Amino acid sequence: MVLKRYLRDYGFLFGLAGVVIALDQWTKWLVRSNLEMGEIWMPWSALSPYARIVHWYNTGVALGMFQDQNPLFAALAALVIIGIIYYFPQIPAKDWPLRLALGMMAGGAAGNMIDRLTVGHVTDFLSVGNFPVFNVADSSITVGVVVLILGVWADDRRARRLEKQRLAEEQNAAEAALDDINSQNSAEQGPVV
C-alpha cells in the first residue's frame, strides 16, 4: 500500500518534471543549433518589438544577477530538487496546487541545472518587450511559484471560512443550550401570579 502511494506520488512528480525538462532542453537545443549567439529571429516582423527569439546565455540567475556563479547555482538547484523529492510524498493527494507547483519548479530547476553542468551556462531565448531574456525552465519555475502562492491563498481563505463557520455553529449551539436552560427554569418556576 505504501509502495503504491510512493509510486503514484513520484510518478506524478517525475512525469511532470520530465515533461518540463524535455520541452526545455529541446527548445534550448533548437536555439543553439539554429541561431548564433545574440542572433534574433522573429517570423512576423510586426511582433518584433513585443516578442522575439534571441540566442542568449546567462551564468547567473534571474534578471542577470550574480553572473559567473554557475557552480554555486548548479549546487543550489540540486539541493532544491532533492528537497522537493524528499518533501513531495508528505503532501496530501488533495493538495494538487502544491503538487503541481513543486513538479513545475523541480522540472525548471533541473532544466537549468542540466545547462549549467553540460554547456557551462543557461541558454535563454524568449524575449518579451524590455523584460530580460528567459527560457522554458524559467517560465516553469515562475508559473510554479504563482500556482504555489494562489494555492496557499485559496487554502487560507478556505481555512478562514471553515473557522468562521465553526464559530457560528458553536455560537448557535451555545444559544440553543441557553434557550433550553431558560425554558427549563421557566417550567420549574411555574406560572407567575
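Which residues of α2 are buried? The views below start with that helix and then move through the rest of this predicted model.

**View 1. Helix α2 and its buried side.** Helix α2 runs over residues 70–87, which gives it 18 residues. From its first C-alpha to its last it reaches 26 Å, close to the 26 Å expected at 1.5 Å a residue. Look for N70, F73, A74, A77, I81 and I84: these are the buried residues of α2. They lie on the same side of α2 because they cover an arc of only 105° around the axis. Their packing partners are α1 and α3 (96–118). Now turn to the other side of α2, where P71, L79, I82 and Y86 are exposed.

**View 2. Helix α1 meets helix α4.** Here you can follow α1 (residues 2–34) and α4 (residues 136–189) as they pack at an angle of about 145°. Their axes are 8 Å apart. On the α1 side, the contact is made by V20, L23, D24, T27 and K28, and on the α4 side by V136, A137 and S140. Sorted by class, this contact of α1 with α4 has four nonpolar, two polar and two charged residues.

**View 3. A sheet of three strands.** The strands of this open sheet come in the order β1-β2-β3, and their pairing is antiparallel. At the edges are β1 (40–41) and β3 (122–128), each of which pairs on one side only. Six bridges join β2 (residues 51–58) to β3 in the antiparallel sense. To find your way along this pair, look for N58, which stands opposite V122 in β3. Helix α1 appears in this view too: it packs on the sheet and touches β2 and β3. The direction of α1 makes about 85° with that of β3.

**View 4. Around G120.** This close-up takes us to the loop between α3 and β3, where G120 has its place. Is G120 buried or exposed? The answer falls in between: G120 counts as partly exposed because its relative accessibility is 35%. Leaving aside the neighbours within four places in sequence, G120 is in contact with T59, N70 and D115. You have already met N70 among the buried residues of α2. For a sense of scale, compare G120 with M37: the two are 83 residues apart in sequence, and 14 Å separate them in space, C-alpha to C-alpha.

Notes:
Residues are numbered from 1 along each chain as its sequence is written. This is a predicted model: local features need pLDDT of at least 70, side-chain atom pairs count only at pLDDT 80 or more; totals for chains, interfaces and linings use all residues. Side-chain values use heavy atoms; hydrogens and water are left out. Axes are lines fitted to C-alpha atoms, for helices over the stretch in contact, and angles run from 0 to 180 degrees between N-to-C directions. Helices (H or I, at least four residues) and strands (E, at least two) are DSSP runs, numbered from the N terminus. Contact means heavy atoms within 4.5 Å. Ala, Val, Leu, Ile, Met, Phe, Trp, Tyr, Cys and Pro count as nonpolar, Asp, Glu, Lys and Arg as charged, and the others, Gly among them, as polar. Two strands pair if DSSP finds at least two bridges between them. The expected span of a helix is 1.5 Å times one less than its number of residues. Buried means under 20% relative accessible area, exposed over 50%, partly exposed in between (1.4 Å probe, protein chains only). The arc is that of the directions from the helix axis to the C-beta atoms.
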